[in-house]
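I opened the notebook with two topics in mind: internal cavities and the sheet around them. Entries follow in the order I looked things up.

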Amino acid sequence: MRSLIFRYDLIKCINTGPAHKVWKLKVRVIILWTVSHFVKSGMKAPIEMVVLDKEGDTIQCTVKDIFVPIFEDLLAEGNVYVVTNFRVTLNTIKFKSTRHEFRIHFKRDTIVCPVQDSLVPLNGFNFVPFKTIHAESKEDGYLVGKYFVRLIYNACVV
């Protein structure tokens with residue numbers, strides 16, 4: 001009997017080059033939030049999340065408002081998923097929740113399968129000196145933790 005070995009891509013390898021047409025990630029959702037400020041009439045709030053792989057690397061993922069009904073009951077913080085068939089784009093948004101050069105966008109046919117895997121860490125801490133956090137949050141728009149996300153959001157709304 002042949003044993004099946006499943007190979008998963010690592011977040012650090014994700015790019016927009018032609019070498020990879022279909023990525024297959026095993027990741028844990030470490031933070032998930034909705035962007036209610038951008039809700040269109042009659043639509044659900046887009047979902048944003050940060051996912052983590054077994055090596056501790058993170059990337060931000062987006063579920064556009066039109067696809068939220070497909071994924072909203074499936075996705076939850078802390079759970080591990082195998083995710084395939086998504087779109088990869090440059091991470092050019094103003095406030096970035098990860099340092100990854102790219103971000104993931106779920107599509108209508110993105111496949112998300114819940115799995116059990118204790119090898120994927122529970123969180124992805126990346127400790128840096130406060131001076132670095134202070135300088136980067138002003139210049140590069142990197143968000144630092146869930147409470148900083150709320151602080152930035154509140155400051156932009158007022």
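I began with the character of the lining of the largest cavity: 12 residues are nonpolar, none polar and none charged. I note that the model is predicted.

Next I listed the residues behind that tally. The lining of the largest cavity consists of Leu 25, Val 27, Val 29, Met 49, Val 51, Cys 61, Leu 75, Tyr 81, Val 83, Ile 104, Phe 106 and Val 112.

How many cavities of 30 Å³ or more does the whole structure hold? My search returned one. For the largest cavity I noted a volume of about 50 Å³.

Which strand gives the most to the lining of the largest cavity? I found strand 1, with three residues. Strand 1, strand 2 (47-52) and strand 4 each contribute at least two residues to this lining.

I then turned to the sheet. I logged an open sheet of seven strands, ordered 5-6-3-2-1-4-7, and its pairing is mixed. At the edges I found strand 5 (87-90) and strand 7 (111-115), each paired on one side only. Neighbouring strands of this sheet are turned against each other by 40° on average, with direction ignored.

Last, I checked one strand pair. Strand 1 (residues 24-34) and strand 4 (residues 80-84) run antiparallel. I noted five bridges joining strand 1 to strand 4. What stands opposite Lys 26 in strand 4? I found Val 82 there.

Definitions and conventions: Residues are numbered from 1 along each chain as its sequence is written. This is a predicted model: local features need pLDDT of at least 70, side-chain atom pairs count only at pLDDT 80 or more; totals for chains, interfaces and linings use all residues. Side-chain values use heavy atoms; hydrogens and water are left out. Two strands pair if DSSP finds at least two bridges between them. Helices (H or I, at least four residues) and strands (E, at least two) are DSSP runs, numbered from the N terminus. Axes are lines fitted to C-alpha atoms, for helices over the stretch in contact, and angles run from 0 to 180 degrees between N-to-C directions. On a 1 Å grid over the protein atoms alone, a cavity is a set of points where a 1.4 Å probe fits but cannot get out, and a pocket is an open set with protein on both sides within 12 Å along at least five of seven lines; lining residues have an atom within 4 Å of a point. Grid points are joined across faces, edges and corners, and a volume is the space filled by probe spheres set on the points. Ala, Val, Leu, Ile, Met, Phe, Trp, Tyr, Cys and Pro count as nonpolar, Asp, Glu, Lys and Arg as charged, and the others, Gly among them, as polar.
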